[in-house]
Amino acid sequence: MLTQRITHQSARRIFAPKPSSLILTKNTTPAITTSLSHRPQLRSAASQAIPNSEAHQILANQRLNRPVAPHLSIYKPQVTWYLSGLNRITGSVLSGGFYIFGAAYLAGPLFGWHLESSALAESFGALPTAAKVAIKFGVALPFTFHTWNGMRHLVWDTGRELKNSQIQWTGWAVVGATVVTSGALAMVGN
């Protein structure tokens, strides 16, 4: 391939007419003239200056005419859709919660916030039992879901459980394990 390219380039350089050798006589036909001139075809394009606001309006109108992909309207929702989205959401909630609490814990002494463990435990202990269970369930749910779904993904990384029926089954198993373990963690210490 490389030798062909080199050969073609060399042949073009050797056999291409030089501008000084393109002296045309009266006997030269137009077909030969155009083939020897090697001039690119030029086409003139008309353009006009328009203000930015009008340009943005033209672009917005063009975008309105574009078709929208029917991705949500033609496909049947599946458990894998929801679990994929929830896995991303719970990961974001968990990491965001850690960052926010860490920043608040560090900034607490500057603003007079009491976020040390003893103050949090005392205020949590003063809540009614139903509120404690609900808060613990709400905190445990993203942890357990992200953990179980992460284990599911690790199994997939080994090349197992990749058939559609197995993916559906493991998805519902993740949902069940999440609810059971979150409930069990919410009941600890009551």
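Select T178 to begin: this residue is buried, with a relative accessible area of 4%. The model on the screen is a predicted one. T178 lies in helix α8, and the tour keeps returning to that helix.

**Stop 1: around T178**

Show the residues in contact with T178, leaving out those up to four places away in sequence. L141, T144, F145 and W148 appear. Now add T147 and look at the C-alpha atoms. T178 and T147 are 31 residues apart in sequence, yet their C-alpha atoms are 8.7 Å apart in space.

**Stop 2: S182**

Stay in helix α8 and select S182, which is also part of that helix. Is S182 buried or exposed? The relative accessible area of S182 is 0%, so the residue counts as buried. Display the side chain of S182 and the backbone of T178. A polar atom of that side chain lies 2.8 Å from the backbone oxygen of T178. Beyond the residues up to four places away in sequence, S182 touches F137, A140, L141 and T144. L141 and T144 were also on the list for T178.

**Stop 3: the whole chain**

Zoom out and colour by secondary structure. How many helices and strands does the chain have? There are eight helices and zero strands. Following the sequence, the pattern reads α-α-α-α-α-α-α-α. The chain has 190 residues, of which 13% count as buried. Take the contacts between residues at least 6 apart in sequence: 64% of these join residues at least 24 apart.

**Stop 4: α7 against α8**

Two packed helices are described by the angle between their axes and the distance between the axes. Select residues 129-157 for α7 and 164-187 for α8. The axes of this pair are 7 Å apart, and the helices pack at an angle of about 150 degrees. Their crossing is right-handed. Colour the residues of this contact by class: 14 are nonpolar, eight are polar and two are charged.

**Stop 5: the loop and E161**

Between α7 and α8 runs a loop, and E161 lies in it. E161 has a relative accessibility of 30%, and therefore counts as partly exposed. Check the backbone angles here as well. Phi of E161 is near 60 degrees, a positive value in a residue that is not glycine.

**Stop 6: I167**

Step back into helix α8 and pick I167. Its relative accessibility is 15%; I167 is therefore counted as buried, the cut-off being under 20%. Which residues does I167 touch, apart from those up to four places away in sequence? They are T80, R152, W156, E161 and L162. E161 is the loop residue from the previous stop. Measure from I167 to W156 in the viewer: the two are 11 residues apart in sequence, and 9.2 Å separates their C-alpha atoms.

**Stop 7: α5 against α8**

T80, one of the contacts of I167, leads to the next helix. Select α5, residues 79-111, and keep α8 in view. The axes of α5 and α8 come within 9 Å and cross at roughly 50 degrees. The two helices are therefore oblique to each other. α5 passes α8 in a left-handed crossing. On the α5 side, select V79, T80 and L83; on the α8 side, select I167, Q168, G171, W172 and V175. By class, this contact has five nonpolar, three polar and no charged residues.

**Stop 8: α5 against α7**

Hide α8 and bring α7 back beside α5. Here the axes come within 9 Å, and they cross at roughly 125 degrees. That angle makes α5 oblique to α7. The crossing of α5 past α7 is left-handed. Residues of α5 in this contact are T80, L83, L86, N87, T90, G91, L94 and F98, and they meet P142, F143, F145, H146, N149, R152 and H153 in α7. The contact of α5 with α7 has seven nonpolar, seven polar and one charged residues.

**Stop 9: T90**

End on T90 in helix α5. What is the relative accessibility of T90? The value is 10%, so T90 counts as buried. With neighbours within four places in sequence set aside, T90 is in contact with P142, F145 and H146. F145 also touches T178, the residue selected at the start.

How values were computed
Residues are numbered from 1 along each chain as its sequence is written. This is a predicted model: local features need pLDDT of at least 70, side-chain atom pairs count only at pLDDT 80 or more; totals for chains, interfaces and linings use all residues. Side-chain values use heavy atoms; hydrogens and water are left out. Helices (H or I, at least four residues) and strands (E, at least two) are DSSP runs, numbered from the N terminus. Buried means under 20% relative accessible area, exposed over 50%, partly exposed in between (1.4 Å probe, protein chains only). A polar contact is a pair of N or O atoms within 3.5 Å; within protein, one must be able to donate a hydrogen and the other to accept it, and residues adjacent in sequence count only if both atoms are side-chain atoms. Contact means heavy atoms within 4.5 Å. Axes are lines fitted to C-alpha atoms, for helices over the stretch in contact, and angles run from 0 to 180 degrees between N-to-C directions. Angles under 35 degrees count as roughly parallel, over 145 as roughly antiparallel, 65 to 115 as roughly perpendicular and the rest as oblique. A crossing is left-handed if the near helix is turned anticlockwise from the far one by less than a right angle, and right-handed if clockwise. Ala, Val, Leu, Ile, Met, Phe, Trp, Tyr, Cys and Pro count as nonpolar, Asp, Glu, Lys and Arg as charged, and the others, Gly among them, as polar.
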